[in-house]
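Here are my notes on the model, point by point. Please read them with the structure open.

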Amino acid sequence: MTRIFSGIKPTGHLTLGNYLGAMRRWAAEDQHRADALFCVVDLHALTVDHDPARVRRLSRQAASLLLATGLDPEVCTVFVQSHVDEHARLSYVLECVATDGEMRRMIQYREKAARERERGGSVRLSLLTYPVLMAADILAYAADEVPVGDDQAQHVELTRDLAVRFNQRYGHTFTVPRATRPAVAARVMNLQDPASKMGKSDDVGPGIVYLLDEPDVVRRKVMRAVTDSGRDIVHDPQARPGPANLLEILAACTGGDPVRLAGGYTSYGALKKDTAEVVIEALRPVRERHRELCADPGRVDEVLRRGAERARAMARPTVDAAYRAIGLLPPL
Ligand code: TYM
């Protein structure tokens, strides 16, 4: 059976970008067609300046939101990364296969490191090795597929390189995974700055729709989205990123095609209004289920406890095999 692994980082409140680019597909399709694991990657949240209490709070919230989007713990495995030691164990071994040049070439590292330096801060070593830990997340479970948004494609590519290199040097140990991306909305852009990705770690802003935003907040943010002075409405992400972003969001929520949808509009007002309403309807059940789960925190804890147990049992044999293959003496 196909094995799927994906993760979400608790560094901010989850956004419409996370939902349309990744989570929605995990719940609607991936969990039903494969043996799937979904992980709150809390170790990754420590790679930039962080507040411990906030990371803990956001980790719980991310776990509840995963369930609220429709992940069924009877069908798939939902867990927290730091509850399974195998991630960190394997990450070290993969650091012995990766090179520092490879790490420094990663786009996300370059962007985040530049941002930290601009703020006058220093760059944590773990930010540089972040992609190796991500590779460990994926390879520990012998995942075949990694459903992600566009921004993670380079990291999955690196994971493939590390798996192939390890297998060539030390014997076949890892499954070589591949990234899968959604047909539309693989990169949802900030509504106020359609040249940049809608990112949860960015400053709170009117250009970011959060999964838990109330309907009137969603409506206001979408109605104020930046478009352009063009007269016609076309789907051209390069030349016309603002309208293209709205069309992608509309298409993702309605199952339509952004190019065809563009033909049905003659004004930005109508496009924004329809987009706002379909986003509100898409998020409504998530918000409602999340509210129910907040009233029953014991249920989320139990899901995470059982999830970690299952994940540990799945990861252990592969990580043990990697330790043996690379030359470590098995415990005596
Ligand atoms: P993270 O937490 O930034 O995002 C979680 C998922 O949401 C997608 N995504 C988006 N998709 C479309 N438009 C956007 N604006 C947008 N913003 C985020 C991301 O592509 C991702 O699929 N490094 C990962 C977490 C991770 C991981 C892993 C993922 C750690 N280990 C192993 C897969 C497998 C990250 O920071 O995702």
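1. Q81 and its contacts. In this predicted model, Q81 touches C39, V40, V41, D42, L43, H87 and D137, leaving aside residues up to four places away in sequence. Q81 sits in the loop between β3 (77-80) and α3 (86-95). Is Q81 buried or exposed? Q81 counts as buried, because 24 C-beta neighbours lie inside 10 Å and the cut-off for burial is 20 or more. A further distance helps to place the residue. The C-alpha atoms of Q81 and A143 are 15 Å apart in space, with the two positions 62 residues apart in sequence.

2. The ligand shell. There are 26 residues around the ligand. Which of them come nearest? They are G7, G17, G21, V148 and G149. Three elements each supply at least two residues of the shell: β1 (3-8), α1 (16-33) and α6 (125-139). By class, the shell around the ligand holds 11 nonpolar, 10 polar and five charged residues.

3. The annotated motif. An unreviewed UniProt entry places a short sequence motif, the 'HIGH' region, at residues 10-18. In the model, the span of residues 10-18 is 33% helix and 0% strand. The C-alpha atoms at its two ends lie 12 Å apart.

4. Two domains. The domain assignment splits the chain into domain 1 (3-182 + 297-326) and domain 2 (215-291). Note that domain 1 is given as two segments, 3-182 and 297-326. The C-alpha centres of domain 1 and domain 2 lie 30 Å apart. How many residues of domain 1 are in contact with domain 2? Six are, and they meet six residues of domain 2. On the domain 1 side, α1 and α2 (52-68) each supply at least two of the touching residues. The most come from α2, which gives three. This side of domain 1 has four nonpolar residues, two polar and no charged.

5. Helix α9. This helix covers residues 241-254, 14 residues in total. From first C-alpha to last it reaches 20 Å, close to the 20 Å expected at 1.5 Å a residue. Most of α9 is covered, with 12 of its 14 residues buried. The buried residues are G242, P243, A244, N245, L246, L247, E248, I249, L250, A251, A252 and C253. What covers them? The cover includes α1, α10 (258-262) and α11 (268-294). Just after α9, G255 takes a positive phi of about 75°.

6. Positive phi at two alanines. Most residues other than glycine have a negative phi. A142 has a positive phi near 50°. This residue is found in the loop between α6 and β4 (145-147). A142 is partly exposed, because 19 other C-beta atoms lie within 10 Å and burial needs 20 or more. A185 also has a positive phi, near 60°. The loop that holds A185 runs between β5 (178-180) and α8 (215-223). A185 counts as buried, because 27 C-beta neighbours lie inside 10 Å. I would look at both backbones in the viewer.

7. S229. Where is S229 found? It is in the loop between α8 and α9. S229 is exposed, because 4 other C-beta atoms lie within 10 Å and a residue with 12 or fewer counts as exposed. S229 and Y268 are 39 residues apart in sequence, and their C-alpha atoms are 10.0 Å apart in space.

8. D320. This residue is found in helix α12 (residues 297-326). D320 counts as partly exposed, because 16 C-beta neighbours lie inside 10 Å; that number falls between the exposed limit of 12 or fewer and the buried limit of 20 or more. The C-alpha atoms of D320 and A135 are separated by 16 Å, and the two residues are 185 apart along the chain.

Definitions and conventions:
Residues numbered from 1 in each chain as written. Predicted model: local features only at pLDDT ≥ 70, side-chain atom pairs only at ≥ 80, totals over all residues. UniProt positions renumbered as here; feature names shortened; annotations may be inferred. Helix = DSSP H or I, 4+ residues; strand = E, 2+ residues; numbered from the N terminus. Near = placed C-beta within 6 Å. Nonpolar A, V, L, I, M, F, W, Y, C, P; charged D, E, K, R; others polar. Domains from an automatic or database assignment. Contact = placed C-beta atoms within 7 Å. Expected span 1.5 Å × (residues − 1).
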